[in-house]
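Here are my notes on the model you sent over. I've kept them as numbered points so you can follow along with the structure open.

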Amino acid sequence: MSLKWMCLSAHKNLIMEKEKKTIYIRTDGNAKIGMGHLTRCLSVADAIFKRDGDVCFLAAGEETAAIVRKAGFDCEVLGTDYRRMEEELPVLERLTGDEKCLFLVDSYHVTDAYLRTLRKWGKVAYLDDVNAFPYPVNLIINGNIYGAKMDYSACGANTEILGGPAYAPLKPQFKAHRGEREETYILVTTGGSDPYRLAEKIVGALLKEPWMEVEKICAVCGRFSLSIGALRELEKKEPRLRVLCDVPDMWPVMNGAKFAVTAAGGTMQELACLGVPMIGFSFADNQCLATRIWQEQGYSCYGGDYLSLGDEMIPEICAAAERLCGSSDLREMYSKKLMSLVDGEGSRRIAERLLHLQ
């Protein structure tokens, strides 16, 4: 290599380093809102980092920051109420300074004024589920099963949309371990939080079913679950039950499942990528649409909506579990359909688009 070429290459690299900007990811995870927003943002952050992008998380409180730092990313604590996001804008302005920024926001508590202010400071991408109002942002990402069909026309022609399961933000391990499923137990999970103690109720009901005599259950609780105490006590007396809490890598647990009973959310996309049949249920308003569409399009069994059915939902889940447990052909049908729906490349696609948006 000539000296002239070496100098030109070094100059090009210096320019690229100067142009490289931090992507600020604004999200939260706690006992009240669960871990869904934070989990998917961590997946996107990992994909950005692997493509030489810089990431800094912005969180309202230390509870979120501790999880982010444990995952290996920087996090600035705003010291604000995650439910009143406009109040944090002065703090964000001091943190970001005069530079033009790129923000990735994932929160149901955003307002029009909040997003418009961020736009003044740079470009804004928003991870969405519900299309609550016309978001004044550059990019909307909705990786839900219904994301590609959600009408965002009110956001304007200049807002780019990445919609559908192709943009489901999963960790790379899910793609890497597709097709490795073993049928060892029934998996029960409610996500990061469990305010209605549904894991406890579902597991208790399943263990009483006569067809469950030879079946095992693996119950996974998030760090904010209210079911963990009761399940731990039940585990001491019930050899068919195994209880796990705050599992860092879910793919090995999911791959051991004959099928899963799961709350709607990112967990359904993870299970789909691995080809694990599932019974989906909801216990929050933002979960209802997804639960119904997964069932209507033939990708999962329907477990019901706890907000409308209450504990009457539990027998419905048990009935669906019996059907799945009794038919290997039915499980195989679901497995193939699910793997065709979610390929596990969503985080990569999102990261590449964000880096280009800079």
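1. Let's start with a detail: which residue in β14 is the bridge partner of A263? Look at F281, since that is the partner of A263 in β14. Keep in mind that this is a predicted model. The two strands involved are β13, residues 257-263, and β14, residues 278-282; they run parallel and are joined by 4 bridges.

2. Zooming out, β13 and β14 belong to an open sheet of 6 strands with parallel pairing, in the order β12-β10-β8-β13-β14-β15. At the edges you'll find β12 (241-245) and β15 (301-305), and each has a single partner strand, so one side of each is left without a neighbour in the sheet. From one strand to the next, the twist averages 15 degrees. As a reminder, strands of a sheet pair through backbone hydrogen bonds, either parallel or antiparallel.

3. Two helices are worth a look against that sheet. Helix α10, residues 266-274, lies across β8 (185-189), β13 and β14, and runs at about 160 degrees to β13. Helix α13, residues 313-325, lies across β13, β14 and β15, at about 170 degrees to β14.

4. Now the chain as a whole. The protein chain has 15 helices and 15 strands. How does the radius of gyration of the protein chain, 22 Å, fit with its 358 residues? A compact globule with 358 residues would have a value near 21 Å, so the 22 Å of the protein chain agrees with that. The C-alpha trace spans about 75 × 50 × 40 Å along its principal axes.

5. On burial and contacts: of the 358 residues in the protein chain, 53% are buried. Among contacts with a separation of 6 or more, 60% are between residues 24 or more positions apart. The exposed area of the protein chain is about 16,300 Å², and carbon and sulfur atoms supply 51% of it.

6. Next, the charged pairs. The count of salt bridges comes to 26. One of them is between the side chains of R353 and E160, at 2.7 Å from N to O. That pair links distant parts of the chain: R353 sits in helix α15 (residues 346-357) and E160 in strand β7 (residues 160-163), 193 residues apart. E160 has 27% relative accessibility, so E160 counts as partly exposed.

7. Two other salt bridges to check on screen: R181 with E183, where the closest N and O atoms are 3.2 Å apart, and R197 with E200, where they are 3.9 Å apart. E183 is partly exposed at 37% relative accessibility. In the R197 pair, R197 is partly exposed at 38%, and E200 is partly exposed too, with a relative accessible area of 28%. Elsewhere, R51, K175, E345, R348 and E352 are joined into one network by salt bridges that share partners.

8. Finally, is L38 buried or exposed? L38 is buried, because its relative accessible area is 0%. L38 lies in helix α2, residues 36-50. Beyond its neighbours within four places in sequence, L38 is in contact with T27, D28, G29, F57, T64, I67 and V68. L38 and K50 are 12 residues apart in sequence, and their C-alpha atoms are 18 Å apart in space.

Conventions: Residues numbered from 1 in each chain as written. Predicted model: local features only at pLDDT ≥ 70, side-chain atom pairs only at ≥ 80, totals over all residues. Heavy atoms only, no water. Pairing = 2+ DSSP bridges. Axes fitted to C-alpha atoms, helices over the stretch in contact; angles between N-to-C directions. Contact = heavy atoms within 4.5 Å. Rg over C-alpha atoms; globule rule 2.2 N^0.38 Å. Buried < 20%, exposed > 50% of the residue type's maximum accessible area, 1.4 Å probe, protein only. Areas by Shrake-Rupley, 256 points an atom, 1.4 Å probe, with all protein chains shown as cover. Salt bridge = Lys/Arg side-chain N within 4 Å of Asp/Glu carboxyl O.
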